[in-house]
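I opened a fresh page for this one and went through it element by element. Here are my entries, in the order I looked things up.

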Protein chains: 2
Amino acid sequence: MALQRSPLAPATFPVLPPVAGARLATRACGIRYKDRADACLIELEAGSAIAGVLTRSLTASAPVLWCRKALTGGRARAILINAGNANAFTGLAGIDSVDRSVAAVVRALKCKPREVFVASTGVIGQPLPDNLLTDALTGMRADLAADAWSAAAQAIMTTDTYPKGATRQAEIGGVPVTINGIAKGSGMIAPDMATMLSFVVTDAKIPAKTLQALLTPAADASFNSITVDSDTSTSDTLLVCATGAAKHRRVSGAADPHLRGFRAALGDLLRDLAHQVVRDGEGAQKFVTIEVAGAASRRAARRIGLAIGNSPLVKTAIAGQDANWGRIVMAVGKAGERADRDRLAIAIGGVAVARNGQVVPGYDEAPVARHMQGREIHIAVDVGVGRGKATVWTCDLTHGYIDINADYRS
Amino acid sequence: MALQRSPLAPATFPVLPPVAGARLATRACGIRYKDRADACLIELEAGSAIAGVLTRSLTASAPVLWCRKALTGGRARAILINAGNANAFTGLAGIDSVDRSVAAVVRALKCKPREVFVASTGVIGQPLPDNLLTDALTGMRADLAADAWSAAAQAIMTTDTYPKGATRQAEIGGVPVTINGIAKGSGMIAPDMATMLSFVVTDAKIPAKTLQALLTPAADASFNSITVDSDTSTSDTLLVCATGAAKHRRVSGAADPHLRGFRAALGDLLRDLAHQVVRDGEGAQKFVTIEVAGAASRRAARRIGLAIGNSPLVKTAIAGQDANWGRIVMAVGKAGERADRDRLAIAIGGVAVARNGQVVPGYDEAPVARHMQGREIHIAVDVGVGRGKATVWTCDLTHGYIDINADYRS
């Protein structure tokens with residue numbers, strides 16, 4: 001099924017500058033797709049640090065299991081990625097496949113196995129033809145280039161309707177550093193499921209532990225605060241690498257004040273990529289921001305936001321351009337977090353529609369109806385019990401989603 | 001929007017015999033619907049016991065809050081039900097409305113407030129015109145009849161496409177008893193949400209505590225094991241009344257061996273009603289049974305079953321007649337319960353498609369494909385860690401669901 005570019009897509013792919021210490025190459029290996037690159041190698045300077053966030057799925061894929069183990073070393077020399085086959089639910093054969101791929105990278109780049117990371121996305125339950133991937137390694141090594149970010153973003157796509165990338169600049173102790181990131185989002189190729197992959201590289205010199213300490217909250221406030229359909233992939237992988245090529249002062253830890261700008265830039269970049277994933281949600285016609293306030297904690301606020309963002313009834317109402325606050329009340333109630341029914345307040349597009357647990361009598365529906373007709377929907381909810389806040393992003397649930405996902409297996 | 005009768009509906013409404021000690025009446029009050037009954041009064045003999053299961057929503061409706069309080073008394077003389085307005089998210093006005101309704105029933109039937117139960121379903125966020133309901137009480141009292149079960153099942157409908165009822169017989173110490181039940185399920189009338197209501201009456205003589213002890217596990221294995229779209233109504237209410245008119249021996253408690261037949265009949269009746277609710281799920285084209293085995297506990301098995309049954313990706317695959325076991329693996333992984341990836345087994349329509357964490361090589365797809373084309377879909381999953389079992393029922397996710405729920409507010 002040929003998919004049309006999402007109406008919520010950004011106008012263009014941003015220009016990603018080189019990141020010192022990182023080179024990329026792509027290749028058409030024919031794993032599943034024809035006539036397009038489906039593999040990507042990211043090579044990192046010796047001594048690069050790595051941190052990551054992986055799927056919480058208990059049926060995680062073989063590459064995720066490998067990354068979980070390798071991340072404990074905190075060092076990275078390469079990431080090998082393929083699209084078209086997820087190497088998930090492939091049993092021991094899948095693990096062997098990862099082992100062979102890692103060994104081939106070790107030979108090609110003269111590094112240690114624990115410095116090699118792998119990620120696969122695509123069909124599940126089919127053995128990965130890893131020989132196609134490893135056969136391409138010599139060629140990819142020869143092609144490695146610092147300016148191949150856009151090609152890399154395209155090579156990792158499955159049924160994404162556009163490539164996803166972002167770049168940010170920051171300063172650490174007055175020295176400029178760059179952060180580049182690419183991502184692929186939810187797209188369906190029968191008989192499998194969406195997978196979110198994202199790879200971020202910076203030339204900052206940040207030890208792995210500090211990098212992980214910066215990444216975890218930033219991932220919570222970005223990739224872990226988005227939802228397309230509440231389903232969790234077996235393969236979700238977010239890796240952040242720091243090559244250390246930038247000549248800034250040594251950082252002392254995640255709380256180092258010199259990291260303030262970097263932390264903000266990393267958070268902003270991850271949020272940008274996460275939004276791009278939502279904007280390519282299957283069948284999405286509207287991008288929805290849900291701001292929850294007044295919750296018992298930040299965690300509670302996020303759970304309430306996700307309950308709203310995952311509710312099929314809320315999402316179909318948005319698809320129907322219906323400012324259906326009743327369904328928002330329902331979703332708050334099912335989140336399992338404390339909320340004061342009689343202090344609940346809801347605003348849609350900036351207009352208060354409910355307050356003190358009741359609809360605002362005679363509120364002006366006209367601006368709300370106009371807002372619901374737009375592409376960008378804003379919902380604010382105050383649950384009236386505390387000071388916890390969080391923002392969650394989602395898209396609407398449309399006929400397009402059903403079309404894509406109820407399609408017969410080809 | 002006129003809704004077509006669900007293709008999964010039973011052929012006919014069953015014949016519900018009288019239950020000694022219970023009488024019913026219905027009335028067209030014009031709360032929202034025109035030209036149809038929208039209110040129902042169930043009168044119970046003095047001394048009737050009552051047990052119940054109410055929504056876990058933290059934004060529960062005013063009638064639910066009342067029932068929660070009244071249930072602690074364990075006695076019932078009347079249940080007053082209306083369709084068309086849920087009296088939810090109506091603030092203090094909603095509570096006043098319940099108080100006035102209860103007071104009117106108290107006057108009409110000469111009983112105590114704590115013996116009166118109320119349930120409302122329909123639009124939320126609009127004040128309930130309780131005067132329309134209470135004005136009809138004198139007429140309903142005059143009309144009370146033992147054979148009005150079918151009329152009652154119709155009066156409580158919102159956008160259900162068919163009335164839901166069931167009856168069972170059992171013996172307690174050799175004396176026959178009857179159990180009748182009616183239910184209404186998920187249907188959407190903008191701007192509100194689905195609500196499940198069910199009322200069950202038996203002539204058995206069972207004290208409230210024992211009745212509750214019988215009801216709780218039976219509700220877990222029936223109404224709490226179904227899902228249409230994972231959303232939780234603010235109004236879900238299941239009440240079971242025992243009039244005590246049957247002249248059987250005294251029962252000593254839920255473990256009394258004389259209650260074995262009754263327990264089974266109650267469980268069977270609740271499961272029947274719960275299935276009828278799923279078969280009327282919005283847009284449902286297929287009825288799906290998910291049997292989970294090998295889980296750490298029964299509770300874990302049910303959570304895994306609900307994760308599968310709530311997954312939009314699984315449900316759209318079923319709508320597309322696609323035996324997409326990959327999405328089932330994904331749903332098992334996201335349930336948050338223990339599962340052994342390498343011992344996972346999945347059968348669809350009785351055919352093993354995955355075993356030991358891998359697809360069964362060369363399994364015969366033809367009978368599976370035929371099975372997926374039918375109305376009744378069967379999925380069995382063994383997660384390979386323990387002996388916990390549970391069965392969950394759901395329906396597919398179709399364009400019909402989007403049509404119904406993304407419709408502009410009328």
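**Entry 1: the sheet in chain B**

I began with strand β10 (residues 287-295) of chain B, which is joined to strand β15 (residues 388-395) of chain B by seven bridges, the two running antiparallel. I keep in mind throughout that this is a predicted model. Within that pair I looked up T289(B) and found W393(B) of β15(B) opposite.

Next I checked what packs on the sheet. Helix α8 (residues 298-310) of chain B does, and it touches β8, β10, β14 (376-382) and β15 of chain B. The direction of α8(B) makes about 25 degrees with that of β15(B).

Then I wrote down the whole strand order: β8-β15-β10-β14-β11-β12-β13 of chain B, seven strands in an open sheet with mixed pairing. Which are the edge strands? They are β8 (226-227) and β13 (358-359) of chain B, each of which pairs on one side only.

**Entry 2: the sheet in chain A**

I turned to chain A and noted an open sheet of seven strands there, ordered β8-β15-β10-β14-β11-β12-β13, again with mixed pairing. At its edges stand β8 and β13 of chain A; each has a single partner strand, so one side of each lacks a neighbour in the sheet.

I followed β8(A) to its partner. Two bridges join β8(A) to strand β15 (residues 388-395) of chain A, and the pair is parallel. The residue opposite T227(A) in β15(A) is T394(A).

**Entry 3: strand β6 of chain A**

Here I wanted to know how enclosed a strand can be. Of the 10 residues of strand β6 (residues 175-184) of chain A, eight are buried, so the strand is largely enclosed by the rest of the structure. The cut-off behind that step is 20 or more other C-beta atoms within 10 Å.

I then listed the strands that pair with β6(A). Strand β5 (residues 164-172) of chain A pairs with β6(A) over nine bridges in the antiparallel sense. In that pair, Q169(A) has T178(A) of β6(A) as its bridge partner. The hairpin of β5(A) and β6(A) has two residues between the strands, and G173(A) takes a positive phi near 55 degrees there.

Strand β7 (residues 197-202) of chain A also runs antiparallel to β6(A), with six bridges joining them. For A183(A) I found S198(A) in β7(A) as the bridge partner.

**Entry 4: two domains in chain A**

The domain assignment splits chain A into domain 1 (22-279) and domain 2 (287-405). Taken over C-alpha atoms, the centres of these two domains of chain A are separated by 33 Å. Their contact takes 10 residues from domain 1 of chain A and 13 residues from domain 2 of chain A.

Which elements of chain A each supply at least two residues of the domain 1 side? I noted β8 (226-227) and α7 (260-279) of chain A. α7(A) gives the most to that side, with four residues. By class, I have five nonpolar, four polar and one charged residues on the domain 1 side.

**Entry 5: where the chains meet**

I counted 53 residues of chain A in contact with 53 residues of chain B. On the chain A side, the elements giving two or more residues are α9 (312-319), α10 (325-334), β13 (358-359) and α12 (399-405) of chain A. The largest share comes from α10(A), with seven residues. The chain A side divides into 21 nonpolar, 22 polar and 10 charged residues.

**Entry 6: the core**

The largest nonpolar core has 288 residues, and V332(A) and V332(B) touch the most other members. Setting aside neighbours within four places in sequence, V332(A) is in contact with residues including I304(A), I308(A), L344(A) and V383(A), and with T59(B) from the other chain.

**Entry 7: two helix residues in chain B**

Is L137(B) buried or exposed? With 22 other C-beta atoms within 10 Å, L137(B) is buried. L137(B) lies in helix α4 (residues 137-143) of chain B. Not counting residues up to four places away in sequence, L137(B) touches A104(B), V105(B) and A108(B).

Last, I looked at A369(B), placed in helix α11 (residues 365-372) of chain B. A369(B) has 17 other C-beta atoms within 10 Å, so A369(B) counts as partly exposed. Its C-alpha atom is separated by 58 Å from that of A103(B), 266 residues apart along the chain.

Definitions and conventions. Residues are numbered from 1 along each chain as its sequence is written. Chains are lettered from A and ligands numbered from 1 in the order in which they are written. This is a predicted model: local features need pLDDT of at least 70, side-chain atom pairs count only at pLDDT 80 or more; totals for chains, interfaces and linings use all residues. A residue is buried if 20 or more other C-beta atoms lie within 10 Å of its own, exposed if 12 or fewer, and partly exposed in between; C-beta atoms are placed from the backbone. Two strands pair if DSSP finds at least two bridges between them. Two residues are in contact if their C-beta atoms, placed from the backbone, lie within 7 Å. Domain bounds come from an automatic or database domain assignment. Ala, Val, Leu, Ile, Met, Phe, Trp, Tyr, Cys and Pro count as nonpolar, Asp, Glu, Lys and Arg as charged, and the others, Gly among them, as polar. A nonpolar core is a set of buried Ala, Val, Leu, Ile, Met, Phe, Trp, Tyr and Cys residues joined through C-beta atoms within 7 Å. Axes are lines fitted to C-alpha atoms, for helices over the stretch in contact, and angles run from 0 to 180 degrees between N-to-C directions.
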